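Here is a friendly walk through a small set of structural points, meant to be read with the model open beside you. We start with the whole chain and then move to single residues.

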Amino acid sequence: MRLTNVKDVQKFIKVVDDCEHDVYLRSLEGDVFNLKSSMSQYIAIGRLIEESGDSLELFADSKEDEARLIQFLCELDDEVK
């Protein structure tokens, strides 16, 4: 799923931290950042802020975590409207 309009980075990180399994952010260049790793998280958040997330794809290892992330993104869309 593509990331768009993530303005509250702290809330996004909280949702990622609440996930049970690994969550990844992938760039168009093929870079993959494991958001459960603090070091990768810093780099990925920098990319997220820099690119507004438009070219970054978010995915998770488990369906439950994926559902949690989708819910977060849907809430962001509702806030924008």
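The text below goes from confidence and overall layout to the sheet, then to a few loop residues and the cysteines.

**Confidence**

Please keep in mind that this is a predicted model. The protein chain has a mean pLDDT of 85, and 86% of its residues reach 70 or more. Going element by element, confidence is lowest in helix α2 (residues 38–51), with a mean of 82, and highest in strand β2 (residues 32–34), at 94. As a reminder for reading any such model, predicted coordinates should not be read in detail where pLDDT is low.

**Overall layout**

How many helices and strands does the protein chain have? Its secondary structure comes to 3 helices and 3 strands. Read from the N terminus on, the order of these elements is α-β-β-α-β-α.

The protein chain has 81 residues, and buried residues make up 40% of them. Its accessible surface comes to about 5000 Å², and carbon and sulfur atoms account for 49% of that. If you take the contacts between residues at least 6 apart in sequence, 64% of them join residues at least 24 apart.

**The sheet**

The 3 strands form an open sheet, in the order β2-β1-β3, with antiparallel pairing. β2 and β3 (57–60) stand at the edges with a single partner strand each, so one side of each is left without a neighbour in the sheet. On average, neighbouring strands of this sheet are turned by 25° against each other, direction ignored.

Strand β1 (residues 23–26) is joined to β2 by 3 bridges, and 4 bridges join β1 to β3. To find these pairings on your screen, look for Y24, whose bridge partner in β2 is N34, and for V23, which stands opposite A60 in β3. The hairpin of β1 and β2 has 5 residues between the strands, and there G30 takes a positive phi near 100°.

**Two loop residues**

Next, have a look at H21 and S62. H21 is found in the loop between α1 (9–18) and β1, while S62 has its place in the loop between β3 and α3 (63–80). Which residues does H21 touch, not counting those up to four places away in sequence? They are K36, D61, S62 and D65, so the two loop residues named here are in contact with each other.

The C-alpha atoms of S62 and D22 are separated by 8.0 Å, with their positions 40 residues apart along the chain. For H21 and K63, 42 residues apart along the chain, the C-alpha separation is 9.8 Å.

**Buried or partly exposed?**

The table puts the two loop residues beside two cysteines.

| Residue | Relative accessible area | Class |
|---|---|---|
| C19 | 4% | buried |
| S62 | 10% | buried |
| C74 | 41% | partly exposed |
| H21 | 43% | partly exposed |

Why does S62 count as buried? Its relative accessibility is 10%, and buried means under 20%. H21, in contrast, is partly exposed because its relative accessible area of 43% lies between the limits of 20% and 50%.

The cysteines follow the same reasoning: C19 counts as buried at 4%, and C74 is partly exposed at 41%. How many disulfides does the structure hold? A search of the whole structure finds 0.

Methods: Residues are numbered from 1 along each chain as its sequence is written. This is a predicted model: local features need pLDDT of at least 70, side-chain atom pairs count only at pLDDT 80 or more; totals for chains, interfaces and linings use all residues. Side-chain values use heavy atoms; hydrogens and water are left out. A disulfide is a pair of cysteine sulfur atoms within 2.5 Å. Buried means under 20% relative accessible area, exposed over 50%, partly exposed in between (1.4 Å probe, protein chains only). Contact means heavy atoms within 4.5 Å. Accessible areas come from the Shrake-Rupley method with a 1.4 Å probe; for residues, only the protein chains shown count as cover. pLDDT is the predictor's confidence in each residue, from 0 to 100. Two strands pair if DSSP finds at least two bridges between them. Axes are lines fitted to C-alpha atoms, for helices over the stretch in contact, and angles run from 0 to 180 degrees between N-to-C directions.
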